[in-house]
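Okay, thanks everyone for coming. Let me put the structure up, and then I'll talk through the ligand site and the odd bits of backbone.

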Amino acid sequence: MKQAWRWFGPKDPVSLDDIRQAGATDIVNALHELPPGEAWTRRAVAERKAIIETTPPGRTPLAWSVVESIPVPDDVKRLGRGANASIAAWIASLEAVAAEGIRTVCYNFMPIVDWTRTDLDWPVPSGATALRFDNDRFAAFDLYVLRRPGAERDWDEPTRQRARRVLDSMGTAEVETLTRTIAAGLPGATTDALDLDAFRARLAAYAGIDAARLRQHLIEFLEEVAPVAQGLGVHLTLHPDDPPRPLFGLPRIASTAADYQALFDAVPVEANGMCFCTGSLGVRADNDLVAMAEHFAPRVWFAHLRATKRESDPMSFHEADHLDGDVDMVGVLRALSREDRKRPAQGKIPFRPDHGHRMLDDLAKTTNPGYSAIGRLKGLAELRGVLRAVETLA
Ligand code: DNO
């Protein structure tokens, strides 16, 4: 497996040398500065590639091997094949990436909001801070800040009462922070940053889109893009929903084994692949991650490895140390590395240590939430150790 690292580009406070010192060899990057729906040019991809792959004398080379993500614009999720201009632009970006020799592309199909948390600096007992999804805080936002029509129906009475108390305990600044955290998106988000009015308008545009419709739209999108990817020699990897359940009354359709199976059955071409994200999938107690890794191994072309831990309210979770959440990380790595050993050199699975606690010197620095250097370096070191052991014992 290839040890990779997400880098947000030249403005990332984590440098390419930091990544070398963490021991990663492969870079995960995207043209984050471009809005969803804008076609990437080959020239822009080549410029970024030159920044990543021009190695100063004496330094370890790095390879840009994964694009995460080419954002899927909102209209594709609402209209499916009907969003033909957006799909054409997505394919143009894919072609630009392939022309520069990058063979793995990650994307997701979450409506309106990409990955979602309520707390970005939640103190853990070591003195570090973690990302967290607190279900009551999320309900407080949905019910009393966004005031989403119909939200009352989606939350039971005890949750509504707790959410009310949570809201009453927050000052204006905290409500603003929570709003920004949820509606404006987190680093690497592929959805548009929205204020509350724009958020409500977007929600209204999803009226009538249930899980079956959204799944159909994803299948239509894949029917258009996956054969092109196949021809270009690129694997598409669908990132799971994070968290893997409906939010804001909107369907999510990449949360379970059955969800993925439906997509692979509908569009069997090999280019239709999966990003195996243990942290996202592991939030659901009914996802058996080792069984999923074994079953879907031939479809896995990229992995995000991190561990979430469900709390006393099992709808809430925080990000634990990489080996200490609910996921059986050793079991998952055993399954993925077994697959990896069967593959030729160009098919090796890149994985990145996903997220990490903010700790040590990073507590005093400006960092991208979840993407500080030291917490990920620690995560990668732990994962590398497991991998070495699993490979040695195989
Ligand atoms: C969060 C990430 C997401 C992910 C996209 C994939 O840390 O896993 O931003 O990159 O949802 O398209």
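Quick bit of vocabulary before we start: helices (H or I, at least four residues) and strands (E, at least two) are DSSP runs, numbered from the N terminus. Residues are counted from 1 along each chain as its sequence is written. What you see is a predicted model, where local features need pLDDT of at least 70, side-chain atom pairs count only at pLDDT 80 or more, and totals for chains, interfaces and linings use all residues, while side-chain values use heavy atoms, with hydrogens and water left out.

So how confident was the predictor? On pLDDT, its per-residue confidence from 0 to 100, the chain averages 97, and 100% of the residues score at least 70. Confidence is lowest in helix 8 (residues 172-184), with a mean of 95, and highest in strand 7 (residues 235-238), at 99.

Now the ligand. There are 15 residues around it, and the closest are Glu68, Ser69, Asp114, His355 and Tyr371; being around it takes a heavy atom within 4 Å.

Which side chains make polar contacts, meaning a pair of N or O atoms within 3.5 Å? Tyr371 has a polar side-chain atom 2.5 Å from a ligand oxygen. For His239, an N or O atom of the side chain is 3.1 Å from an oxygen of the ligand, and for Arg6 that distance is 3.2 Å. Taken alone, the ligand exposes 330 Å², and the protein buries 100% of that, by Shrake-Rupley with a 1.4 Å probe.

On to the backbone. Generally, most residues other than glycine have a negative phi, and most peptide bonds are trans. Here, Glu68 to Ser69 is a cis peptide bond, with omega near 0 degrees, and Ser69 is found in the loop between strand 3 (63-68) and helix 3 (74-79). Asp242 to Pro243 is also cis, with omega near -5 degrees; Pro243 lies in the loop between strand 7 and helix 11 (257-266).

Last one: His355 isn't a glycine, yet its phi is positive, about 50 degrees. You'll find His355 in the loop between strand 12 (350-353) and helix 15 (373-393).

Terms used: A polar contact is a pair of N or O atoms within 3.5 Å; within protein, one must be able to donate a hydrogen and the other to accept it, and residues adjacent in sequence count only if both atoms are side-chain atoms. pLDDT is the predictor's confidence in each residue, from 0 to 100.
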